[in-house]
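Here are my notes on the model you sent over, as a few numbered points. Have the structure open beside them while you read.

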Amino acid sequence: MNAPTTRRLTVAQALVEFLAHQYTERDGRRHRLISACWGIFGHGNVAGIGQALLESGDALPYLQGRNEQAMVHAAVGYARQCDRLSAQAVTTSIGPGATNLVTGAALATVNRLPVLLLPGDVFATRSADPVLQQLEVPSAGDVSVNDALRPVSRYFDRVTRPEALIPAALQAVRVLADPVDTGAVTLALPQDVQAEAYDWPEEFFADRVWRVARPAPDAGALAEAVHAIRGARRPLLIAGGGVHHSEAEEALRAFAEATGIPVASTQAGKGSLRHDHPADVGGIGHTGTATADALAREADLVIGVGTRYTDFTTASSTLFAAPGVRFVNLNIAPFDAHKLGAASLVADARAGLEALTGALSGHRVAAAYEACYRAAKEEWERRVDAAYGAADDSVRPSQTQVLGALDGIVDDTDVIINAAGSLPGDLHKLWRARSRRQYHLEYGYSCMGYEIPAAIGVRLAAPDRPVWALVGDGTYLMNPTEIVTAVQEGVNITVVLIQNHGYASIGGLSEATGGERFGTAYRFRAGDGTYTGAPLPVDLAANAASLGMDVLRAATVGELRAALVKARGANRPTCVYVETETADTVPGAPDAQAWWDVPVAETATRPAAVAAREAYDRHAAGRRRHL
């Protein structure tokens with residue numbers, strides 16, 4: 001009997017080799033599970049994972065980043081563009097390199113997007129104790145800073161022995177490939193263990209395919225859902241990010257066309273139907289359209305598909321106001337399917353929608369209901385036109401006119417990326433999504449600094465698509481460093497840098513909640529502690545140029561259109577810089593169509609806070625529990 005074949009490699013070499021042979025498969029199409037590894041090297045990974053990546057050659061390509069958090073954002077952007085079927089890894093040193101991963105890990109897990117984190121760790125053998133950058137915890141010798149990643153990881157393990165890598169690695173990729181459990185996965189790697197050699201069974205390095213199934217709905221649950229839909233007079237479907245992850249857009253279109261049920265979308269679900277589809281009524285919730293929110297208030301049945309019902313979607317539990325409103329939730333995750341006391345349909349979004357469409361054969365909402373929401377949709381489109389339009393090309397554009405100019409030049413292939421500030425609200429209300437992956441809003445964590453690195457990840461996943469990172473000045477100042485990565489790697493992205501001299505979104509929220517815009521503008525501080533009206537002499541366009549981008553400055557609406565056209569045709573990373581008009585006299589996005597719960601001081605002496613609390617109490621009275 002022959003002895004099992006083994007190969008002697010270090011732990012780091014074995015992990016890299018293992019990752020290079022992992023695949024996902026859905027609908028007969030195979031994808032590399034881990035397509036590349038981002039890394040910033042220091043002690044803790046330079047002699048382990050770093051050496052292993054060098055030795056592996058092209059088996060696992062290496063990508064160099066500038067900021068650990070940004071590397072995670074890039075990997076998340078890549079995974080989302082790949083419908084979660086392919087992901088990337090990120091390796092860091094111990095200490096600050098590892099703790100810089102926490103925000104990115106939280107973003108990935110909140111958004112249910114896969115990323116593999118490989119932080120270095122302190123010596124497992126304690127031969128050097130404490131090592132440089134080690135956190136000493138007197139009451140717990142087995143704790144390191146990597147434990148900060150536990151609550152923001154869907155799976156966490158610390159590989160303290162070579163042979164422990166086998167079960168840890170298998171569990172890690174199982175979670176990465178699981179559409180229910182996916183998110184950030186962390187394998188903490190002590191630096192001495194990374195370099196330790198072991199005789200690995202050859203089977204560990206064989207190609208392994210993780211099949212991503214499309215589970216069909218239970219027959220009884222399907223019958224219950226069909227009964228509820230047939231009995232509804234004013235049903236509304238809410239499309240969440242799960243529609244995109246499942247590639248269920250065509251199934252949703254078929255469902256809407258067969259039943260006439262209108263479709264609203266969350267930030268993650270926008271683009272599930274094209275903007276010009278008769279059943280598409282736009283974004284829903286606090287940043288939604290008047291059309292969608294009016295339908296939600298009167299709906300007697302809400303059908304949630306692939307949504308987790310965040311407070312922005314439900315308007316902090318005030319939106320679904322009909323006395324007898326009920327819910328049917330189609331979701332691959334039971335945790336989400338059971339929310340709001342729903343009749344739950346636990347299934348893949350595409351499989352579930354196809355089953356519903358078949359079972360509802362011949363059923364359609366009343367013609368009067370269709371006519372009503374289609375007329376409201378047309379009225380909203382006129383409001384979009386008004387927000388986008390500019391009477392004179394020689395004027396400084398407003399933020400919504402920037403979006404209008406961009407809307408005028410893109411086609412189905414472009415991808416628009418944003419995450420934080422006032423832009424998500426404007427985009428959710430106004431953007432006319434033309435294709436399934438055009439609208440890329442990270443609004444689960446709404447993380448400032450996401451846009452530029454995510455654009456790099458998206459472009460790596462879709463090298464033939466124009467990719468736009470829409471960035472306000474506040475977000476830009478948080479994390480511009482990956483511009484250098486885009487330039488170095490030749491990743492052709494376009495940054496639209498909008499300068500409005502402060503935190504516009506949080507400034508408006510501060511004013512609405514009695515905070516009087518305190519601490520939200522970029523202005524000089526005078527000797528008495530007050531702020532002057534003069535903006536800071538900061539040139540963000542010059543900063544982008546200094547990092548290697550071509551920069552096009554646009555002072556007017558006409559110059560902006562020309563700059564956007566030129567940037568779209570550029571063959572290297574380009575920035576379009578525009579200072580926007582913020583005066584109340586220029587067109588802007590319509591006000592919020594629904595409430596958002598941000599608690600206001602219950603007692604205060606300043607009149608603004610007192611008035612804000614009175615308004616808060618009026619809105620809060622409309623909250624309800626759906627059970």
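1. Strand 15 (residues 301-305) and strand 16 (residues 326-331) run parallel and are joined by five bridges. Within this pair, Val302 sits opposite Phe327 of strand 16. Strands here are DSSP runs of E with at least two residues, helices are runs of H or I with at least four, and both are numbered from the N terminus. Two strands count as paired if DSSP finds at least two bridges between them.

2. A word on what you are looking at: this is a predicted model, in which local features need pLDDT of at least 70 and side-chain atom pairs count only at pLDDT 80 or more, while totals for chains, interfaces and linings use all residues. Residues are numbered from 1 along each chain as its sequence is written, and side-chain values use heavy atoms, with hydrogens and water left out.

3. Strands 15 and 16 belong to an open sheet of six strands with parallel pairing, in the order 14-13-12-15-16-17. At its edges are strand 14 (280-283) and strand 17 (343-346), each pairing on one side only. On average, neighbouring strands are turned by 20° against each other, direction ignored. Helix 10 (residues 249-259) lies across strand 12 (235-239), strand 13 (263-265) and strand 15, at about 170° to strand 12. Contact means heavy atoms within 4.5 Å; axes are lines fitted to C-alpha atoms, for helices over the stretch in contact, and angles run from 0 to 180 degrees between N-to-C directions.

4. Another open sheet of six strands, also paired in parallel, has the order 19-18-20-21-25-24. Its edge strands are strand 19 (439-441) and strand 24 (550-554), and the twist averages 20° from one strand to the next. Strand 20 (residues 467-472) pairs with strand 21 (residues 494-499) over five bridges, and Ala469 has Val495 as its bridge partner in strand 21. Helix 18 (residues 451-461) lies across strands 18 to 21, running at about 175° to strand 20.

5. Have a look at strand 8 (residues 155-158) too: four bridges join it to strand 9 (residues 184-190), and the two run parallel. The bridge partner of Asp157 in strand 9 is Leu187. With helix 6 (residues 165-176) between them, these strands make a right-handed β-α-β unit (with the strands pointing away from the viewer, the path from the first strand over the helix to the second runs clockwise).

6. Which elements give two or more residues to the lining of the largest cavity? They are strand 14, helix 15 (367-388) and helix 17 (423-430), with helix 15 giving the most, four residues. This cavity holds about 120 Å³ of space. It has 15 lining residues, and Asp280, Gly282, Thr289, Trp380 and Glu381 lie nearest its centre. A cavity is a set of points on a 1 Å grid over the protein atoms alone where a 1.4 Å probe fits but cannot get out, a pocket is an open set with protein on both sides within 12 Å along at least five of seven lines, and lining residues have an atom within 4 Å of a point. Grid points are joined across faces, edges and corners, and a volume is the space filled by probe spheres set on the points.

7. The second largest cavity has about 70 Å³ of space, and its lining includes Arg26, Asp83, Arg84 and His245. As for pockets, the second largest has a volume of about 150 Å³; among its lining residues are Asp121, Phe123, Arg158 and Pro190.
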